[in-house]
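Biologist: I would like to learn how to read a model like this one, feature by feature. Where do we start?

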Amino acid sequence: MIRYQKLTFLLLVFLSFGCQTEIPVYDTKLWYDKPATDWYQALPIGNGTLGAMVYGGIKTEQLQLNENTLYSGEPGRRHIEIDVTKNLEKVKTLIKEGKLDEVNKIVGDEWIGRAQPCYQPFGNLFIELDHSEDVQDYRRELDISKAICRTSYSVDNVKYQRETFASFPDQVIVTNLTSNGKEKISCTIELQGAHPTANSSVENDVIIMKGQAPALALRRTIEKVQDWGQEWMYPELFDENGQPIPGRETTMYGDILDGEGTFYEGRVGVVLEGGSLQVKGNKLVISNADNVKIILSGDTSYNDFDKSPSKEGVDPSILATANLEKALPKSYKQLKKDHLADYKNLFNRVSFSLGEMTEQSKLPTDKRLEMFSQGGDPSLAALFMQHARYLTIAASRPGGQPINLQGMWNDLIIPPWAGGYTMNINTQIYYWMTEAANLSECVEPNLRFTRELAVDGATHARESFGYSGWTAHHNTTIWRCAQPVDNAYCSFWPLAGGWLCQQIWTHYRYTKDKEFLKEYWPVLKGAAEFLNDWLILSEKGYYTTPIGSSPEHGYYPEGADYRTPFCEGATMDIMIIKELFTNCIAASEILGIDKEFARELSSKVNNLQPYKIGSKGQLLEWDKEYKEVDPQHRHISHLYAHSPGHEITKSKTPELFDAVKRTLEIRGDEGTGWAMAWKTHCWARLKDGNHAYDIVNNLFVPGGRKKAGLLPSLLASCPPFNIDGNFGAAAGIIEMLLQSHETKSVDGEEIPIIELLPALPEVWKEGEITGLRTANGFEVDIAWKEGKLVSAEIKSLLGDKGIVRFNGEDVSLNLDRGESIQLI
């Protein structure tokens, strides 16, 4: 039997707030005994706008810089004429006739668009140090409990140290150089832009770097565009006869393309204690200082997703100058204090330990990663989860841009997959853990992103489909274009809007904020309006989609030697529509609006095409059982209703629950970084912690540019680097310890079930985690030993209802706001 007691508000204040600074932290440092020699070894810092990869060099320190509004292109440049209505009826007929090769051709020739713009690097800050390379006691580290990178070593018995952090309060990057001797710091500081348009100069002892991002950065070659027959889409590169224009290249700047491209500016100022400062060309030269404080600011001409950064942009020098001038007079101690107060307010909400750190846990992080599969270091999983929270705070702050494929860290003009937003899993997986990880504020950029995308999404729905509402496909960028991108058939997938709306509903479930729900109701409703128009009645009398696909996967039609992703009503289509319609119906009831629309959705949601189970007991991915192109494909899109959705559960849909398990067994435990993360999440929801941990074990291997796994910095590799594995696997780890996606009907009301240790793996014999959040606004602390719960405290932040479950027992929670319950 579970024993429990209710705590009063005053005692709760003492427990939760009085101990805020005493939250135990254990494994919170990544550290190394040598400098990074490659970008893949450097350590990320960020303040939601500015980011850097810190190398920790000896003779040369390098900070590779990013500003997360710096992209190639401009709003509207990617738009082309796409008319789905022209051949939609023909496509419907072809699908019924089984002529999928003709469907492939129509979609490939007429329904997809241009490649998306690319996320851009900002520049590099170099600090050339005037001392010997013969060092002792070298150490570089990233302390994620403080969001500070630190490099230290000794040269000729002089100890040198650098600390670097990205300050959200001051909107600058700060580097502080110290030594334990007088007049020991001599260095040269240089700020370089990332593009050939950039140049640097020095004015009043401040380095000023100005540049302009490409007007066009195309991740395809000229030959590839010609091979696809898409010359007409790129008038910048091809003439009206489809011939390449002489002198035109796939990366071009405003000097060729009408002055287009985002302007950017970086500024570096220094404050010395002792020593002297000289200007040599575009560099600052410091001699014999005791202490050197370096402040970097930066901004771009980005002025919103729908405004030209070259014609309607802001002057980047205004904010770059203001932020530098504000930060320079502050002492390093004050800058650091303000940074820590801001950061710890977010990070310290959750603590996580998996027992005492072993000797293996105390090794350099890259060595720990190499040895992880041997066992003996459970703490690395706790560090990894907290590292994902660190990355969220670094890359996603209110008012900024949402996390992209690179997080916010990128050194390439043409990054992998353009460094944009891939919305058939990647963009969404970044935020799976955010509410549960007690970082609700950090979701704001993602929510605003969806609202902004809906603007062009409405234009695309109207002009390309003739439908109401809004839609989007599987890729977009900072310019929020909703049209499909180029290349594969998978680019046409008008379900992205529905999936993005899941995060809106998740935020509401955790916060119960009706004002927020009212604000975002037009976004939810618009996505549902489009999909409501998109549905057709099948020959069997079910509502389904006229042409659907399972993202990036395909099958061989019966008797055919070609492949296709398309069918009538792919499983994921139905799952997303069912979830969205269900949430819209609930939102309409909560807000007391659009009741007629809700009734229309209700009439269809109960008559959607049923899910099907195949001959192997697996959940079918398409409308029928076909020969799959890759039975172990990285995407498991047809499991959406199980994870990240919550329609399929053991208690409510046991047959489908078992079919999910069989599907995962067939798919296997390997995959790309994010695919393994998704599978971890799925197995946790299947309540199989050991299997979920097996996949974590597969992910926690040294990865790189050509191998899935983790980089020395614990960033995930797809490959190559692609940050979604970090957030997805961290979400899976949380799901192993706490779940609240299932509900139980009580007097006609669905109440969330807060399940403690639902999928605890045997290797995590002891541990504690505090500060996790659940649906309906509960905060949960859990401790266990020998695989058994020893204590838990559940605090109600909203005074809403809940049910806590452990070992099959359910306890109803009827707590006032601020009250808590202890389970012993």
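Modeller: What follows goes through helix packing, burial and some backbone details, in a model that is predicted.

Biologist: Take helix packing. At what angle do α8 and α18 pack?

Modeller: The general idea is to compare the directions of two helix axes. Helix α8, residues 379-395, and helix α18, residues 724-737, pack at about 125°, and their axes are 9 Å apart. Angles of 65 to 115 degrees count as roughly perpendicular and those over 145 as roughly antiparallel, so α8 and α18 are oblique to each other. Their crossing is left-handed.

Biologist: Which residues of α8 and α18 meet?

Modeller: From α8 come Ala381, Phe384, Met385, His387, Ala388, Leu391 and Thr392. On the α18 side they meet Gly725, Asn726, Phe727, Ala729, Ala730, Ile733 and Ile734. Sorted by character, the residues of this contact are ten nonpolar, four polar and no charged.

Biologist: And how do α16 and α18 cross?

Modeller: Helix α16 covers residues 673-685; its axis and that of α18 come within 8 Å and cross at roughly 15°. Since angles under 35 degrees count as roughly parallel, that label applies to α16 and α18. The crossing of α16 and α18 is left-handed. On α16 the contact is made by Gly673, Trp674, Ala677, Thr680, His681, Ala684 and Arg685. On α18 it involves Asp724, Gly725, Gly728, Ala729, Ala731, Gly732, Glu735 and Met736. The residues of the α16 contact with α18 divide into six nonpolar, six polar and three charged.

Biologist: Next, burial. Is Ile403 buried or exposed?

Modeller: The general idea is to ask what share of a residue's surface is accessible. Ile403 has a relative accessible area of 0%, and buried means under 20%, so Ile403 is buried. Ile403 lies in the loop between α8 and β21 (421-422). Beyond its neighbours within four places in sequence, Ile403 is in contact with Thr392, Ala395, Ser396, Tyr421, Tyr430, Tyr431, Ile723 and Phe727. Thr392 and Phe727 also appear in the contact of α8 with α18.

Biologist: What about a polar side chain, Ser820: where is it, and what does its side chain contact?

Modeller: Ser820 is in strand β39, residues 820-823. Its relative accessibility is 0%, so Ser820 counts as buried. The side chain of Ser820 makes a polar contact with that of Glu793, at 3.4 Å.

Biologist: Now the backbone. Which peptide bonds into proline are cis?

Modeller: The thing to read here is the omega angle. The bond from Ser643 to Pro644 is cis, with omega near 15°, and Pro644 lies in the loop between β28 (627-628) and α15 (654-667). Pro719 and Pro720 are also joined by a cis bond, with omega about -5°. Pro720 is in the loop between β30 (716-717) and α18.

Biologist: Which residues other than glycine have a positive phi?

Modeller: The angle to check is phi, residue by residue. Asp156 is one of them, with phi near 50°, and it sits in the loop between β8 (148-155) and β9 (158-167). Asp156 has a relative accessible area of 62%, so it is exposed. Lys687 has a positive phi of about 70° and is placed in the loop between α16 and α17 (689-699). At 27% relative accessibility, Lys687 counts as partly exposed.

Methods: Residues are numbered from 1 along each chain as its sequence is written. This is a predicted model: local features need pLDDT of at least 70, side-chain atom pairs count only at pLDDT 80 or more; totals for chains, interfaces and linings use all residues. Side-chain values use heavy atoms; hydrogens and water are left out. Axes are lines fitted to C-alpha atoms, for helices over the stretch in contact, and angles run from 0 to 180 degrees between N-to-C directions. Helices (H or I, at least four residues) and strands (E, at least two) are DSSP runs, numbered from the N terminus. A crossing is left-handed if the near helix is turned anticlockwise from the far one by less than a right angle, and right-handed if clockwise. Contact means heavy atoms within 4.5 Å. Ala, Val, Leu, Ile, Met, Phe, Trp, Tyr, Cys and Pro count as nonpolar, Asp, Glu, Lys and Arg as charged, and the others, Gly among them, as polar. Buried means under 20% relative accessible area, exposed over 50%, partly exposed in between (1.4 Å probe, protein chains only). A polar contact is a pair of N or O atoms within 3.5 Å; within protein, one must be able to donate a hydrogen and the other to accept it, and residues adjacent in sequence count only if both atoms are side-chain atoms.
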